[in-house]
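Colleague: I'd like a close look at one part of this structure, the surroundings of a ligand. Could you then work outwards from there?

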Amino acid sequence: MVNNKIMKKASFKLSWRCKGENSDQHKHDIVYFERGNITTAERSSKQISLKWESPPQTVVILTKPNSNSVQILCAQMVRWLREQKKLNIYVEPRVRAELLTESSYFSFVQTWKDEKEILLLHTKVDLVVTLGGDGTVLWAASIFKGPVPPIVPFSLGSLGFMTPFHSEHYKDYLDSVLRGPISITLRNRLQCHVIRDAAKNEIEIEDPILVLNEVTIDRGISSYLTNLECYCDNSFVTCVQGDGLILSTTSGSTAYSLAAGGSMVHPQVPGILFTPICPHSLSFRPLILPEHVTLRVQIPFNSRSPAWASFDGKDRKQLAPGDALVCSMAPWPVPTACQVDSTDDFFRSIHDGLHWNLRKTQSSFDVPLDV
Ligand SMILES: NC(=O)c1ccc[n+]([C@@H]2O[C@H](COP(=O)([O-])OP(=O)(O)OC[C@H]3O[C@@H](n4cnc5c(N)ncnc54)[C@H](O)[C@@H]3O)[C@@H](O)[C@H]2O)c1
Ligand SMILES: Nc1ncnc2c1ncn2[C@@H]1O[C@H](COP(=O)(O)OP(=O)(O)OP(=O)(O)O)[C@@H](O)[C@H]1O
């Protein structure tokens with residue numbers, strides 16, 4: 001029997017917990033709870049468009065080393081940007097030396113002397129141009145330890161997931177980028193802290209290392225399984241016994257994480273991928289965690305051997321029993337210019353780069369169907 005009495009709904013209020021604290025002020029632009037109904041706002045496109053308010057004046061060109069074709073293109077681009085666009089140009093010290101060997105014409109090209117000057121680079125340049133493959137984009141990102149100016153990545157490598165611009169049309173592309181507006185993909189980075197002897201009362205924290213693809217914790221040259229205790233905020237996640245673990249950004253989801261069985265994730269999805277490498281268990285599936293979590297990977301004191309951390313495939317550091325690696329989303333994303341937009345560029349890269357789901361089309365029946 002239906003009870004016809006009109007029941008008054010209990011009223012409620014929502015609040016957001018930020019780092020364990022309740023907060024009414026915490027901004028949340030998606031969820032509403034007016035008149036007791038929880039609704040979410042309509043999602044608008046997250047495609048970011050960059051419009052110059054004053055014309056860009058300074059460009060840094062970063063190039064893949066040991067490549068003749070890159071060197072030739074770099075010299076042509078420097079000449080064109082200077083003569084046609086009247087821009088100030090920075091290159092790496094190695095590249096300036098190469099240009100000057102070619103001709104003293106290039107003496108206007110600027111560079112930097114030391115780490116201190118590199119740290120100030122983002123305050124001087126409006127735009128970064130990369131000539132190479134994905135490795136050169138990773139290299140460019142690693143130069144900026146804080147805010148990163150917009151990057152225009154030209155492809156001169158073999159794969160090019162993050163390099164949508166074809167170098168043969170560089171004048172047209174740069175022309176339109178310098179005029180603007182341009183579509184931008186904001187690629188999140190992870191900030192990683194290596195903590196030595198984490199159980200100690202006074203912890204010495206080294207400077208964070210920022211990664212655009214991933215941080216990998218593996219067994220290195222050890223023949224033993226890794227033994228990595230993993231925590232997400234304060235919750236125990238699991239113990240990784242296998243070859244290791246990849247903590248990846250969504251941009252890195254098409255790199256090492258993909259090879260280890262992780263999902264491919266659109267770069268605008270806010271998340272951190274937790275992908276084991278050859279786990280020695282039948283049920284260890286990869287995870288995707290929300291972007292706001294802090295992950296901690298601890299090498300237990302009873303571990304049979306140390307582990308090794310590497311950052312975007314470089315800069316390997318040994319983690320001894322007792323050490324930990326703590327990782328969270330960094331506040332400085334890498335803005336990369338899109339050829340079309342974030343979604344079109346993503347599908348183009350997985351189709352062209354990986355030949356994703358390429359299959360001969362099944363033939364249709366060649367006799368009429370009985371309906
Ligand atoms: N088994 C593997 O697939 C494996 C093993 C080690 C490292 N890597 C990847 O190599 C990266 C370092 O790149 P590198 O160029 O300095 O080294 P590299 O010269 O050895 O090239 C590695 C390859 O990974 C590709 N790659 C890099 N970032 C990518 C991304 N976000 N999406 C798709 N492909 C990507 C590059 O185009 C290149 O073909 C690491 O961050 C890691 O992701 C992959
Ligand atoms: N400016 C730079 N200085 C030093 N090393 C660099 C620089 N640019 C790129 N590298 C390194 O050179 C290597 C090759 O670069 P990159 O991946 O761009 O070229 P590639 O191997 O031809 O590309 P792909 O694999 O996509 O075909 C990478 O390991 C990268 O870290």
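What kind of ligand 1 atom lies 3.0 Å from a backbone N or O atom of Ser 251?

Modeller: A nitrogen atom: that is what sits 3.0 Å from the Ser 251 backbone N or O. Before going on, keep in mind that this is a predicted model, where local features need pLDDT of at least 70 and side-chain atom pairs 80 or more, while totals for chains, interfaces and linings use all residues. Residues count from 1 along each chain as its sequence is written, chains are lettered from A and ligands numbered from 1 in the order written, and side-chain values use heavy atoms, without hydrogens or water.

So, ligand 1. It has 16 residues around it (a heavy atom within 4 Å), and Asp 134, Asn 213, Glu 214, Ser 251 and Thr 254 come closest. Besides Ser 251, there are polar contacts (N or O pairs within 3.5 Å) from side chains. Asn 213 puts a side-chain N or O atom 2.9 Å from a nitrogen of ligand 1. Lys 314 has a polar side-chain atom 3.4 Å from one of the ligand 1 oxygens.

Now for ligand 2. Here, too, 16 residues surround the molecule, and the closest are Lys 64, Glu 92, Gly 133, Thr 136 and Ser 158. The backbone does some of the work on its oxygens: Gly 133 places a backbone N or O atom 2.6 Å from an oxygen of ligand 2, and Gly 135 does likewise at 3.0 Å. Arg 94 uses its side chain, with an N or O atom 3.4 Å from a nitrogen of ligand 2.

Arg 94 falls within helix α2 (93–102), so let's follow that helix to a cavity (a set of points on a 1 Å grid where a 1.4 Å probe fits but can't get out; lining residues have an atom within 4 Å of a point). The second largest cavity is lined by Gln 71, Cys 74, Val 95, Glu 98, Leu 99 and Glu 102. Both α1 (68–83) and α2 supply at least two of those residues, with α2 giving the most, four. The largest cavity has another set of walls: Arg 219, Leu 225, Thr 226, Asn 227, Ser 303, Ser 305, Pro 306 and Ala 307.

Back to Lys 314, which takes us to the strands (DSSP E runs of at least two residues; helices are H or I runs of at least four). Six strands make an open antiparallel sheet, ordered β19-β18-β17-β14-β21-β22 (two strands pair if they share at least two bridges). The edges are β19 (287–290) and β22 (314–319); each has a single partner strand, so one side of each has no neighbour in the sheet. From one strand to the next the twist averages 20° (angles between fitted C-alpha axes, on a scale of 0 to 180 degrees). At the β19 edge, four bridges pair β19 antiparallel with β18 (residues 271–277), and Gly 271 faces Pro 290 across them.

Last stop, β20 (residues 295–298). With β15 (residues 228–232) it forms four antiparallel bridges, where Tyr 231 is partnered by Arg 296. Strand β20 is also joined by four bridges to β23 (residues 324–329), again antiparallel, and there Val 297 stands opposite Leu 325.

Key
On a 1 Å grid over the protein atoms alone, a cavity is a set of points where a 1.4 Å probe fits but cannot get out, and a pocket is an open set with protein on both sides within 12 Å along at least five of seven lines; lining residues have an atom within 4 Å of a point. A polar contact is a pair of N or O atoms within 3.5 Å; within protein, one must be able to donate a hydrogen and the other to accept it, and residues adjacent in sequence count only if both atoms are side-chain atoms.
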